[in-house]
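Okay, thanks everyone for coming. I'd like to walk you through one protein model today, so have a look at the picture and then we'll take it piece by piece.

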Amino acid sequence: MFEAIHERSRGPSATHPGHPGEGQGATEKFDLQRAFGEARVVFSGAANGTEIIDVHQKFPMAVAFPNVDDRRRKEAVLINTSGGVAGGDEIRIEVVAQGNASVAVTTQAAEKVYRALDRPARIRTRLRAEGNARLAWLPQETIVFNQARIARQTEIDLSSGAELIALEWLVLGRIESGEEVLAGHILDSWRVRVDGRLVWADGFLASNQALLQLRKTALLSSWKAIATMIYFGPGLEARLERLREIGASLECACGVTIVGAIIVVRVAAVASVDLRRGLRRFLDQLNHELGSGPFGVPKMWSC
């Protein structure tokens, strides 16, 4: 279950890098070694709770399954063993919850996106909740460093009887470390389908000069940590009012609205620690509101 397959593409200069003065010139940008990681997990509801049906891992991605107190649900932890992503890397993640499965998926630590020479790192996440499955996608933050390039795509397919919470959050330089993101490329997009019909599409794009404009009051102002969270499930109108009450109680900025068949929550803070505190409080109260299930704060967030 915990296999790790080492598979990286190597261009000519990865094997014979060459150096200035040797007649080959500097190493070509597009010949640098890249990482291509995959993680796929399939869960299904069973008489005694939730079962793991299939696991696929490809280096540098790995999956672990910590013990949880409730046998009715499973928690999966995704691990990037390379310690971060750089330009040209590609990571593909797929989580499938079938039947009456109850599943929470998180990451071992914050994902770090490092400075890129040319191509962006690409992260593609596909979530699928079938039947009456309950699925929570709750990764830790993605930290973007100056001159990093990332294209992240989150695709979600839901059955009308399913229930889901999905979260993604970005930290544009850690204020505690005095970091600033002054150049680079960030594309963060969402696509949500219910019974095969597209119900929501969203995107955040900031590149080079646009990053310098984000500090304007009309845009992000002093906020450097931003999150988007969506909820799909029964009783949206009633949930909306309760989620707005929770959002108003946070110590960071929060807006909650219904868009089509889902509730969209936006949360922003000056520092990542403030956003984490706000999200923890939001999830704690939401889990109490929704009853026993996978929607609380993952244990890994406290490790």
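Before anything else, one word we'll need: a residue is called buried when its relative accessible area is under 20%, and exposed when that area is over 50%. Also keep in mind that this is a predicted model.

Let's start with helix 3, residues 236–248. It has 13 residues, and from its first C-alpha to its last it reaches 18 Å, close to the 18 Å expected at 1.5 Å a residue. So which residues of helix 3 are buried? They are L236, R239, L240, L243, I246 and G247. Now, look at the spacing of those numbers. An α-helix has 3.6 residues a turn, so residues three or four places apart point the same way. And if you look down the axis of helix 3, the buried residues fall within an arc of 130 degrees, so they line one face of the helix. Turned away from that buried side is a face carrying the exposed residues E237, A238 and A248.

What do the buried residues of helix 3 pack against? Their partners are strand 13 (163–172), strand 16 (225–232), strand 17 (253–259), strand 18 (262–269) and helix 4 (272–290).

Next, an arginine to look at. R152 is found in strand 12, residues 149–158. Buried or exposed? Well, R152 has 4% relative accessibility, so it counts as buried. Its side chain has a polar contact of 2.8 Å with the side chain of T142, and another of 3.0 Å with the side chain of E168. Leaving out residues up to four places away in sequence, R152 touches I123, T142, E168, W169, L170, L187, D188 and S189.

Now for the nonpolar cores. The largest has 52 residues, and the members touching the most other members are L135, I156 and I230. Take L135: beyond its neighbours within four places in sequence, its contacts include V95, A97, V103, L127 and F295. There's also a second, separate core of 34 residues, with I143, V256, I263 and A269 among them.

Last stop, cysteines. How many disulfides does a search of the whole structure find? Zero. For C252, the nearest cysteine sulfur is that of C254, 7.0 Å away, and a disulfide needs the two sulfurs within 2.5 Å. As for their surroundings, C252 is buried at 11% relative accessible area, while C254 is partly exposed at 27%.

That's my tour, so over to you for questions.

Notes:
Residues numbered from 1 in each chain as written. Predicted model: local features only at pLDDT ≥ 70, side-chain atom pairs only at ≥ 80, totals over all residues. Heavy atoms only, no water. Buried < 20%, exposed > 50% of the residue type's maximum accessible area, 1.4 Å probe, protein only. Helix = DSSP H or I, 4+ residues; strand = E, 2+ residues; numbered from the N terminus. Expected span 1.5 Å × (residues − 1). Arc of directions from axis to C-beta. Contact = heavy atoms within 4.5 Å. Polar contact = N/O pair within 3.5 Å; in protein donor to acceptor, adjacent residues only side chain to side chain. Core = buried A, V, L, I, M, F, W, Y, C linked by side-chain atoms within 4.5 Å.
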